[in-house]
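This report describes the fold of one protein chain, beginning with the chain as a whole and moving to the neighbourhood of a single strand.

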Amino acid sequence: MICLSRDVQRNTVSAYWEIGNKLESMVSIPRNFLNSTQTPHSGYHWDGSSRRFFEGWYYRVTLPEIGQTFAFMYSIEDPIGGKPHSGGAAQVLGLDDEYLCRTFPDVQKFWGSRDVLGLGHWGKTDLQVSPIYLLPAEFEHHVQEGYQATATLNQGIITDPATGNYCRWHYQIQPIYAWGNQNSLQQSTAGWLSFLQIFEPGWQILMAHGLASGWIDWNGKIYQFSNAPAYGEKNWGGAFPQKWFWLNCNSFEGEPDLALTAGGGRRGVLWWMESVAMIGLHSQGKFYEFVPWNSQVEWQIQPWGGWHMRARNLEYEVELTGTTHLKGTELRAPTTNGLAFCCRDTMQGQLDIELREIGGGKSKTILKAHSYLCGLEIGGGTWNNSWQSP
């Protein structure tokens, strides 16, 4: 393990900033991934203003051999500091949907790259320099609590001081699908208007499917894995959705090259609210996109336990059903009033998908798949009744 002196640390940090905060020089991100398949909105969005703002990132790795999933959720709110809700957090949804959370009140110890996917937040550390990406061995040596994450790395440690429960993690990621056809220019999940401050919050799937290799230490039990299904997404903005639902899975029985992300919500559009939903499938190098501007998307979501969606465009139609008998786990999410318990998740949902090709007035099934390791979520608003598409 290399231990840098304080002077070397300062010089190294200064040198990194001088080259424009480009993580290519510090992280082993394949250059072709950066040049051709990095998604829009991969960089950190905060513009330095004092307006209400949050940004959140979601990393997930699934371990099919044991039927478990670990999800890592990072967030920063009002990073200008000095505001009622200024601060960051790291949450982990672990074995059997167990939950761990740690807040990081000092926004000055958060860093994010505007150019590529890269972020981190230091809690306990012996470093006296501004936070920045560290080589994994350096991070492990100098940061006793915190995290750092890029397109190809997720690393961190958090502990609940009340219970002593903890999680340590370090794994590398090989991206396979971002958001679009393979080896093509990648797309904004919410369309090109998401570059403008019209739709808030923004939402971007960063990596629909990848392979993770490394380890996770969950309260003393270490899980090592190689080429496990991995996923990443983010959201950001100065407004918050009133209500939403979400389905995500890339671990299917007999379909190692299939990834689904679907969801919907009520979001702000200038001075009004709209209800929208989308379904995105990646399979065999092809991206099947069902969004409001190219498809008719319908949904019926129960207050908990049942998610049903259907979508159709000129070429394809898709139907998916998610179910769970588990009670799920409440998670925190950024809200107008700060980080609060306002959504419910399980990573052990059942999911059935059928994709059909349309032609000549007929439809032909081209894909049917099932999983018992689907992420299912509802959030925001009141869920006394089922929510159906308008």
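## Overall character of the chain

The accessible surface of the chain amounts to about 16600 Å², and carbon and sulfur atoms contribute 50% of it. The model is predicted. Of the chain's 390 residues, 57% count as buried, where buried means under 20% relative accessible area.

In secondary structure, the chain comprises three helices and 23 strands. Among contacts between residues at least 6 apart in sequence, 60% join residues that are at least 24 apart.

## The eleven-stranded sheet

Eleven strands make up an open sheet, and their order is β4-β3-β2-β1-β12-β11-β9-β8-β7-β6-β5. The pairing within this sheet is antiparallel. The edges are occupied by β4 (99–104) and β5 (110–112); each has a single partner strand, so one side of each is left without a neighbour in the sheet. From one strand to the next, the twist averages 20 degrees.

Strands of a sheet pair through backbone hydrogen bonds, in either a parallel or an antiparallel arrangement.

## Strand β8 and its surroundings

In the order of the sheet, β8 lies between β9 and β7. Is strand β8 largely enclosed or left open, and why? Six of its seven residues are buried, so β8 is largely enclosed by the rest of the structure.

Strand β8 spans residues 153–159 and is joined to β9, residues 166–177, by seven bridges. These two strands run antiparallel. On its other side, β8 pairs with β7, residues 146–150, in the antiparallel sense over four bridges.

## Residue pairs across the three strands

Asn 154 of β8 has a facing residue in each of the two adjoining strands: Ala 149 stands opposite Asn 154, and Asn 154 in turn stands opposite Tyr 171 in β9. A further pair places Gly 156 opposite Trp 169 in β9.

In a regular strand, side chains alternate between the two faces of the sheet.

## The two hairpins

Which strands form a hairpin with two residues between them? They are β7 and β8. Strands β8 and β9 also form a hairpin, with six residues between the strands. Within the hairpin of β8 and β9, Gly 164 adopts a positive phi near 85 degrees.

Terms used: Residues numbered from 1 in each chain as written. Predicted model: local features only at pLDDT ≥ 70, side-chain atom pairs only at ≥ 80, totals over all residues. Heavy atoms only, no water. Pairing = 2+ DSSP bridges. Axes fitted to C-alpha atoms, helices over the stretch in contact; angles between N-to-C directions. Buried < 20%, exposed > 50% of the residue type's maximum accessible area, 1.4 Å probe, protein only. Contact = heavy atoms within 4.5 Å. Areas by Shrake-Rupley, 256 points an atom, 1.4 Å probe, with all protein chains shown as cover.
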